[in-house]
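Student: I'd like to practise reading helices, sheets and cores straight from a model. Can we go through one together?

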Amino acid sequence: MAATGRRHLVKDFNHFITCYLCRGYLIKPTTVTECLHTFCKSCIVQHFEDSNDCPKCGIQVHETNPLEMLRLDNTLEEIIFKLVPGLREKEEQQELEFWRKNQPKENGQAENLMCQRLSLPDVGGDDGDRDAGGDDADGGDEDYHRSDPQIAICLDCLRNTGQTGESTVSDLMKRFIRCSSRVTVGTIKKFLSLKLKLPSSYELDVLCNGEIMGRDHTLEFIYMTRWRLHGENTYPMVLEYRPRIDFG
């Protein structure tokens with residue numbers, strides 16, 4: 001027998017998909033990691049210009065820079081766009097109109113830039129026939145992960161005190177980096193190998209609070225489950241690296 005559950009209306013979900021600050025649908029939903037309350041990105045950024053507290057629960061988000069504790073929720077954004085017909089198109093059109101009014105039009109560059117931001121065809125139409133394998137093919141990857149939530153980390157070299165006699169790895173010239181919170185430990189290892197000019201056979205351990213992290217762990221996962229649980233830890237998150245130790 002087929003289930004005949006009652007049909008839900010969009011208004012039934014309004015409590016979950018509207019912004020506490022502007023009372024409209026969440027646009028670019030952004031979550032405060034300290035309390036997990038979500039607001040429109042523009043609303044919460046504007047709020048943090050005058051306060052370091054969550055506008056909904058009042059918890060202090062960060063002593064000096066609450067913007068560091070924000071994470072975009074792309075999944076929730078897609079759910080809202082699917083629930084509310086025409087919302088995506090309306091927002092894209094409003095954003096395009098805003099840029100048309102506020103950006104100087106020099107040979108149509110501002111308008112073309114906005115179309116690229118919205119993944120629309122170039123209004124000039126001159127580049128529409130470019131081969132996907134041409135020079136511009138890589139240009140589309142320039143924004144790869146740029147819209148992801150960002151996290152700052154410090155990569156410290158942990159001196160090897162093992163008994164293997166293996167020489168230690170060196171310190172990075174620039175220890176502080178900012179990247180997508182979805183970057184994995186495996187990617188961090190590749191980054192370190194590249195910067196330190198290590199041979200492909202050379203393996204590293206990456207640790208947080210003395211615990212070896214799995215190569216598939218994301219930086220966001222490590223921050224939420226390892227770093228922030230220690231109250232004395234400050235921002236940015238510190239990851240240590242060392243030559244891999246074989247305990248076998």
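Student: Let's start with helix α6, residues 185-195: which of its residues are buried?

Tutor: Bear in mind that this is a predicted model. In α6 the buried set is Val 185, Gly 186, Ile 188, Lys 189, Leu 192 and Ser 193.

Student: Why do the buried residues sit on the same side of α6?

Tutor: The general idea first: an α-helix has 3.6 residues a turn, so residues three or four places apart point the same way. Here, the buried residues of α6 cover an arc of only 160° around the axis, which puts them on the same side. Look at the other side of α6 and you'll find Lys 190 and Leu 194 exposed.

Student: And what do the buried residues of α6 pack against?

Tutor: Their partners are β4 (150-157), β6 (204-208), α7 (219-227) and β8 (237-243). While you're there, check the backbone just after α6: Lys 197 has a positive phi of about 55°.

Student: Now the core. Which residues touch the most other members of the largest nonpolar core?

Tutor: In general, nonpolar side chains tend to be buried together in soluble globular proteins. In this model the largest nonpolar core has 45 residues, and Ile 153, Leu 155, Leu 219, Met 237 and Leu 239 touch the most other members. Take Leu 155: leaving aside residues up to four places away in sequence, it touches Leu 172, Arg 175, Ile 177, Ile 188, Phe 191, Leu 192, Leu 239 and Tyr 241. You've already met two of those contacts, Ile 188 and Leu 192, among the buried residues of α6.

Student: How about helix α3, residues 74-83: which residues are buried there?

Tutor: Leu 76, Glu 77, Ile 80 and Phe 81. Seen down the axis of α3, these buried residues fall within an arc of 140°, so they line one face of the helix. Thr 75 and Lys 82 are exposed on the face turned away from that buried side. The cover over the buried residues of α3 includes α1 (14-17), β1, β2 and α4 (87-102).

Student: β1 and β2 sound like sheet strands. What is the strand order in the open sheet of three strands?

Tutor: Strands of a sheet pair through backbone hydrogen bonds, either parallel or antiparallel. This open sheet runs β2-β1-β3, with antiparallel pairing. β2 (38-40) and β3 (70-72) are the edge strands, each pairing on one side only. On average, neighbouring strands are turned by 35° against each other, direction ignored.

Student: How many bridges join β1 and β2?

Tutor: Three, in the antiparallel sense, with β1 spanning residues 29-32. To find the register, start at Pro 29, which stands opposite Cys 40 in β2.

How values were computed. Residues are numbered from 1 along each chain as its sequence is written. This is a predicted model: local features need pLDDT of at least 70, side-chain atom pairs count only at pLDDT 80 or more; totals for chains, interfaces and linings use all residues. Side-chain values use heavy atoms; hydrogens and water are left out. A nonpolar core is a set of buried Ala, Val, Leu, Ile, Met, Phe, Trp, Tyr and Cys residues joined through side-chain atoms within 4.5 Å. Buried means under 20% relative accessible area, exposed over 50%, partly exposed in between (1.4 Å probe, protein chains only). Contact means heavy atoms within 4.5 Å. Helices (H or I, at least four residues) and strands (E, at least two) are DSSP runs, numbered from the N terminus. The arc is that of the directions from the helix axis to the C-beta atoms. Two strands pair if DSSP finds at least two bridges between them. Axes are lines fitted to C-alpha atoms, for helices over the stretch in contact, and angles run from 0 to 180 degrees between N-to-C directions.
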